[in-house]
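Colleague: Please show me the model, and then let me ask how each label on it was earned.

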Amino acid sequence: MAHYAFLDSNNIVTEVIVGKNEGEEGIDWEQYYGNFRGQTCKRTSYNGNIRKNYAGIGYTYDASR
């Protein structure tokens, strides 16, 4: 089970969902969910293994970190 954050045009997290693990079924799930919603989508994790902090609604995504 993986978590994905949707970002608005200002890189603010608008929603976090539970989705499929990366590599499952050979699909890039960030791209799949992002295309489905028409928003940027980034994977996030509770334990900080992916992108340092867990994304919460209202948080700002910083691509340089």
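Modeller: What follows is a set of questions about labels, each answered from its definition.

Modeller: This is a predicted model, in which local features need pLDDT of at least 70, side-chain atom pairs count only at pLDDT 80 or more, and totals for chains, interfaces and linings use all residues. Residues are numbered from 1 along each chain as its sequence is written, and side-chain values use heavy atoms, with hydrogens and water left out.

Colleague: What makes β1 and β2 a pair of strands?

Modeller: Strands here are DSSP runs of E with at least two residues, helices are runs of H or I with at least four, and both are numbered from the N terminus. Two strands pair if DSSP finds at least two bridges between them. Strand β1, residues 2-7, is joined to β2 by 6 bridges and the two run antiparallel, so the definition of a pair is met. One of the bridges sets Leu7 against Val13 in β2.

Colleague: How do you know that β3 belongs with β1 too?

Modeller: β1 and β3 pair over 5 bridges, again in the antiparallel sense. Leu7 stands opposite Thr40 in β3. Together, 3 strands form an open sheet in the order β2-β1-β3.

Colleague: Why are β2 and β3 called edges?

Modeller: Each has a single partner strand, so one side of β2 (13-19) and one side of β3 (40-44) is left without a neighbour in the sheet. Neighbouring strands of this sheet are turned by 30° against each other on average, direction ignored. Such angles are taken between axes, which are lines fitted to C-alpha atoms (for helices over the stretch in contact), and run from 0 to 180 degrees between N-to-C directions.

Colleague: What is found between β1 and β2?

Modeller: The two strands form a hairpin with 5 residues between them. Asn11 lies in that loop, and its phi is near 65°, a positive value in a residue other than glycine.

Colleague: Is Asn11 buried, partly exposed or exposed, and how do you know?

Modeller: Buried means under 20% relative accessible area and exposed means over 50%, with partly exposed in between, using a 1.4 Å probe and protein chains only. Asn11 has 29% relative accessibility, so it counts as partly exposed. Lys42, in strand β3, has a relative accessible area of 22%, so it is partly exposed. His3, in strand β1, has 12%, so it is buried.

Colleague: What makes β1 an enclosed strand?

Modeller: Of its 6 residues, 6 are buried, so β1 is largely enclosed by the rest of the structure. Ala2, Tyr4 and Phe6 point one way from β1, and His3, Ala5 and Leu7 point the other way. In a regular strand the side chains alternate between the two faces of the sheet.

Colleague: How do you know that His3 and Lys42 touch?

Modeller: Contact means heavy atoms within 4.5 Å. Leaving aside residues up to four places away in sequence, His3 touches several residues, including Val16, Lys42 and Tyr54. The corresponding contacts of Lys42 include His3, Glu30 and Tyr61.

Colleague: Why is a group of residues called a nonpolar core?

Modeller: The name means a set of buried Ala, Val, Leu, Ile, Met, Phe, Trp, Tyr and Cys residues joined through side-chain atoms within 4.5 Å. The largest one here has 7 residues: Ala2, Tyr4, Phe6, Ile17, Trp29, Tyr33 and Cys41. β1 and α1 each supply at least two of them, and the largest share, 3 residues, comes from β1. Helix α1 (residues 29-37) lies across β1, β2 and β3, running at about 45° to β1.
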